[in-house]
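Grab a viewer and work through these exercises at your own pace. Try each task before you read its solution.

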Amino acid sequence: MREELALFGGEKTACDPFPPWPQFAQKTFNEALEPLRTGRVGYWPGGRGRELEKCWAAWVGARHAVCCSSGTAALHVSLVALGITEGEVILPSHTFASTALAVVHAGAEPVFCDAADDGTLDPRLIESLLTPRTRAIVAVHLFGTVCAMERIVEIGRRRALRVIEDCAQCAGGELKGKKAGTLGDVGCFSFSQGKHVSVGEGGMIVCDDEETAMACRSLCDYGREQRDADTTAPAHVRAGFNYRMTEVQAAIGLSELERIDTWNLPRRRGYAKIYDHAFSQLTGVKSVPFNSAERQNAYWKYPLQLDLARLACDGQEVRKAVAAEGIPECGMPMPEAYEEPALRKWGRGRCPNAEALRARTVLLGLSPSWEKSHIETCITAVKKVLRVFRR
Ligand SMILES: Cc1ncc(COP(=O)(O)O)c(C=O)c1O
């Protein structure tokens with residue numbers, strides 16, 4: 001008997017709403033109130049921003065960390081600090097627009113590179129895009145999948161290009177035991193609403209080079225000279241911004257960082273294993289997200305690639321049908337950056353692999369706030385949809 005999809009009037013797989021993300025620890029509520037009690041709510045009068053920098057640097061394995069107001073600010077400041085204020089920057093088209101917007105803000109031109117089958121920047125295509133004006137590569141660890149950084153860093157070193165990692169979606173991903181963010185020259189994180197560590201809005205820059213860290217810190221602080229305690233007003237030595245983080249954000253971040261390795265990441269990785277087991281041999285599925293002993297995925301989302309040749313519909317119909325079953329977050333990856341109206345003028349042709357990836361991908365959630373039963377419900381819904389649409 002043919003099952004009736006909820007999309008066509010059948011019964012939904014999930015009737016109850018899923019728990020939202022972020023979900024804060026009880027301790028976080030108390031910590032977030034403390035700056036309000038003391039009145040020290042700004043970065044300089046408080047101490048939590050600097051404490052979060054120390055703890056994040058130690059957790060990531062970088063010498064320096066500088067917190068800021070968003071992931072976009074982190075990217076912008078990193079590019080400016082590295083002197084990428086002109087010339088060309090190679091980055092994937094398959095990313096959130098902000099990666100490319102930061103390049104434009106810094107004064108450089110984005111050059112879009114196609115994606116490999118794992119959804120990240122394809123290192124085999126980078127060299128064909130190099131020109132005498134190329135200054136840097138921005139690699140994006142999309143949805144938590146760690147890029148093939150060894151190849152990317154090798155090209156960067158050989159061609160004297162800076163390598164920046166956009167880790168907005170990849171807190172905790174690893175390559176051979178080194179965390180994403182420490183593989184290139186600078187790593188940029190986001191703490192916005194849906195991210196691994198959410199403080200509302202926020203970002204972090206990590207690097208090993210002291211001069212770069214100082215420049216980032218200064219650029220986030222109106223371009224002021226950064227010195228230890230001094231009685232005279234610091235000079236403004238750069239045309240900087242005000243991208244500082246508030247103490248309430250830092251307090252939330254500090255508290256949630258405490259359980260990233262005991263709760264947040266283990267849950268994501270455990271749920272990904274359950275999805276992998278359910279989907280890797282399923283008809284209608286082309287591939288599950290890339291993960292290996294060397295390249296450990298941080299599973300921000302679970303991009304499931306459909307085998308459209310085995311289905312009697314397109315990816316959009318599958319996404320609609322899964323959503324109609326009551327499954328949240330099962331959207332489509334964002335448009336290619338060169339399709340965004342604000343970025344179109346930098347498009348130099350299409351990135352066909354990235355477009356095909358987008359057409360066949362269903363994003364599934366694996367929020368730590370969910371229980372195993374929620375993952376099982378998502379699996380039931382996807383299996384039901386693929387059974388009905390199978391050719
Ligand atoms: C890949 C990527 N880069 C950069 C950003 C920008 O981060 P923020 O929203 O904190 O500015 C995001 C945010 O969603 C992102 O997904």
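**Exercise 1: two odd backbones**

In which loop does Phe 143 lie? Then work out whether Phe 143 counts as buried or exposed, and do the whole thing again for Ala 160.

Solution. Keep in mind that this is a predicted model.
- Step 1: Phe 143 sits in the loop that runs between strand S4 (134-140) and helix H6 (149-158).
- Step 2: its phi is positive, about 60°, although Phe 143 is not a glycine.
- Step 3: count neighbours. A residue is buried with 20 or more other C-beta atoms within 10 Å of its own, and exposed with 12 or fewer. Phe 143 has 22 C-beta neighbours inside 10 Å, so it counts as buried.
- Step 4: Ala 160 is in the loop between H6 and strand S5 (162-166), and it too is a non-glycine with a positive phi, about 55°.
- Step 5: Ala 160 has 8 C-beta neighbours inside 10 Å, so it counts as exposed.

**Exercise 2: sizing up a helix**

Check the span of helix H12 (residues 372-389) against 1.5 Å a residue, then find which of its residues are buried.

Solution.
- Step 1: the expected span is 1.5 Å times one less than the number of residues. For the 18 residues of H12 that should give 26 Å, and the end C-alpha atoms are indeed 26 Å apart, so the two agree.
- Step 2: the buried residues in H12 are His 374, Ile 375, Thr 377, Cys 378, Ala 381, Val 382, Val 385 and Leu 386.
- Step 3: these cover an arc of only 160° around the axis, so they fall on the same side of H12.
- Step 4: Lys 372 and Ser 373 are exposed on the other side of H12.
- Step 5: look for the cover. Helix H9 (260-279), helix H10 (315-324) and strand S13 (361-364) are among what covers the buried residues of H12.

**Exercise 3: a covered strand**

Which strands pair with S12, including S10 and S13, and which way do the residues of S12 point?

Solution.
- Step 1: five of the five residues in strand S12 (residues 302-306) are buried.
- Step 2: Tyr 302, Leu 304 and Leu 306 point one way, Pro 303 and Gln 305 the other.
- Step 3: strand S10 (residues 285-287) pairs with S12 in the antiparallel sense over two bridges, with Ser 287 opposite Gln 305.
- Step 4: S13 also pairs with S12 in the antiparallel sense, over four bridges; here Pro 303 faces Leu 363.

Terms used:
Residues are numbered from 1 along each chain as its sequence is written. This is a predicted model: local features need pLDDT of at least 70, side-chain atom pairs count only at pLDDT 80 or more; totals for chains, interfaces and linings use all residues. The arc is that of the directions from the helix axis to the C-beta atoms. Two residues are in contact if their C-beta atoms, placed from the backbone, lie within 7 Å. Two strands pair if DSSP finds at least two bridges between them.
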